[in-house]
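Hi everyone, thanks for making time this morning. I'd like to walk you through a structure that is probably new to most of you, so please have it open while I talk.

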Amino acid sequence: MSRKGRKWITETQEFQTTDDPYLPKKYPSGEAICPRCHAVFRDKRWLLDEEFYQEFKDSDLVPKFLCPGCRKAVDRYPMGYLYLSGPFFEEHKEEIMRVINNEYERARKNNPLQQIIAIYEEDGQTVVETTTENLAQRLGRAVYRAYKGDLTFKWSEGNKLVRVYWQR
Ligand SMILES: [Zn+2]
């Protein structure tokens, strides 16, 4: 484990809370469905319940509107960025992106508002944009757990978003 990686893991404030303009001040009563990602709103939170979605997707009984995660994805409003780079990354890109995808699946089961908005190449890095700061951190930590390397977290001024850098 590199010293730099360890230092950041222990000394940065993970799970620092940002202001999320997409979270409503008031929640609707009852249940709702997101037509884009199939998330179900119930008991004041969004969760995955594909059975419920399939049963009510064509029914007027349950209102349908975009969940905050999908609204951010549609608006392209990332609150987290994960930057992956380095010779080791280039060599094992496919495998590392699989680790990221698996972790993403797990994260979505906990909270479907956590979404990957886009993955692209920029300036020799692979960039993963996420709807929440937690997801970017979580994906970065998963890669770090699997491959070590250097992991750093940087918050923007006003804590509006986090940039996570993983290098090896
Ligand atoms: Zn959605």
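**A walk from the loops to the sheet**

Let's begin with a single residue: R76 has a relative accessible area of 46%, so R76 counts as partly exposed. Before I go further, please keep in mind that this is a predicted model. You'll find R76 in the loop between helix 3, residues 68–75, and strand 4, residues 80–85. Its phi is near 55 degrees, a positive value in a residue other than glycine. Why point that out? Because most residues other than glycine have a negative phi. In the chain, R76 follows helix 3.

Where else does a positive phi turn up in a residue that is not a glycine? H38 is one such place, with a phi of about 70 degrees. H38 sits in the loop between strand 1, residues 32–33, and strand 2. With 24% relative accessibility, H38 is partly exposed.

From here we can step straight into the hairpin. Strand 2, residues 39–42, pairs with strand 3, residues 45–48, in the antiparallel sense, over four bridges. If you want a pair to click on, F41 stands opposite W46 of strand 3. Two residues lie between the strands of this hairpin, and there D43 takes a positive phi near 50 degrees.

While we're in this part of the model, have a look at Q54, which belongs to helix 2. Q54 is partly exposed, as its relative accessibility is 41%. Its side chain makes a polar contact with the side chain of E50, at 2.7 Å. And how far is Q54 from H38 in space? The C-alpha atoms of Q54 and H38 are 8.6 Å apart, with their positions 16 residues apart in sequence.

Now to the metal. Which residues hold the zinc ion? C34, C37, C67 and C70 coordinate the zinc ion through their SG atoms, at 2.3 Å. The angles among the four donor atoms run from 105 to 118 degrees, and the site is tetrahedral. Along the chain, the donors are spaced as C-x2-C-x29-C-x2-C. C34 is in the loop between strand 1 and strand 2, while C67 is in the loop between helix 2, residues 50–56, and helix 3, so this pair ties together parts that are 33 residues apart in sequence. Are these two cysteines buried or exposed? C34 is buried, at 0% relative accessibility. C67 is buried too, with a relative accessible area of 0%.

One of the zinc donors, C70, brings us to helix 3. The buried residues of this helix are P68, G69, C70, K72 and A73. They pack against strand 3 and strand 5.

Let's move on to the sheet. It is an open sheet of five strands, in the order 5-6-4-8-7, with mixed pairing. Its edges are strand 5, residues 116–122, and strand 7, residues 150–155, each of which pairs on one side only. On average, neighbouring strands of the sheet are turned by 15 degrees against each other, direction ignored. Inside the sheet, strand 4 and strand 6, residues 125–130, run antiparallel and are joined by five bridges. L84 stands opposite T126 of strand 6, if you'd like to find the pairing on your screen.

What packs on this sheet? Helix 5, residues 93–110, does, and touches strand 4, strand 5, strand 6 and strand 8, residues 162–167. The direction of helix 5 makes about 165 degrees with that of strand 5. Helix 6, residues 133–147, lies across strand 4, strand 5, strand 6, strand 7 and strand 8. Against strand 8, helix 6 runs at about 15 degrees.

My last stop is T131, in the loop between strand 6 and helix 6. With a relative accessible area of 0%, T131 is buried. What does its side chain reach? The side chain of T131 comes to 2.7 Å from the backbone oxygen of L113. Leaving out residues up to four places away in sequence, T131 touches G69, K72, A73, M79, L113, Q114, Q115 and I117. Three of those names should sound familiar: G69, K72 and A73 are among the buried residues of helix 3.

That's my tour. Thanks for listening, and I'm happy to go back to any part of it.

Notes:
Residues are numbered from 1 along each chain as its sequence is written. This is a predicted model: local features need pLDDT of at least 70, side-chain atom pairs count only at pLDDT 80 or more; totals for chains, interfaces and linings use all residues. Side-chain values use heavy atoms; hydrogens and water are left out. Two strands pair if DSSP finds at least two bridges between them. Buried means under 20% relative accessible area, exposed over 50%, partly exposed in between (1.4 Å probe, protein chains only). Donors are N, O and S atoms within 2.8 Å of the metal (3.2 Å for Na, K and Ca); water is not among the atoms, so sites may look incomplete. Four donors count as tetrahedral if all angles lie between 85 and 135 degrees; four count as square planar and six as octahedral if opposite donors are over 155 degrees apart and all others between 65 and 115; anything else is irregular. Axes are lines fitted to C-alpha atoms, for helices over the stretch in contact, and angles run from 0 to 180 degrees between N-to-C directions. Contact means heavy atoms within 4.5 Å. A polar contact is a pair of N or O atoms within 3.5 Å; within protein, one must be able to donate a hydrogen and the other to accept it, and residues adjacent in sequence count only if both atoms are side-chain atoms.
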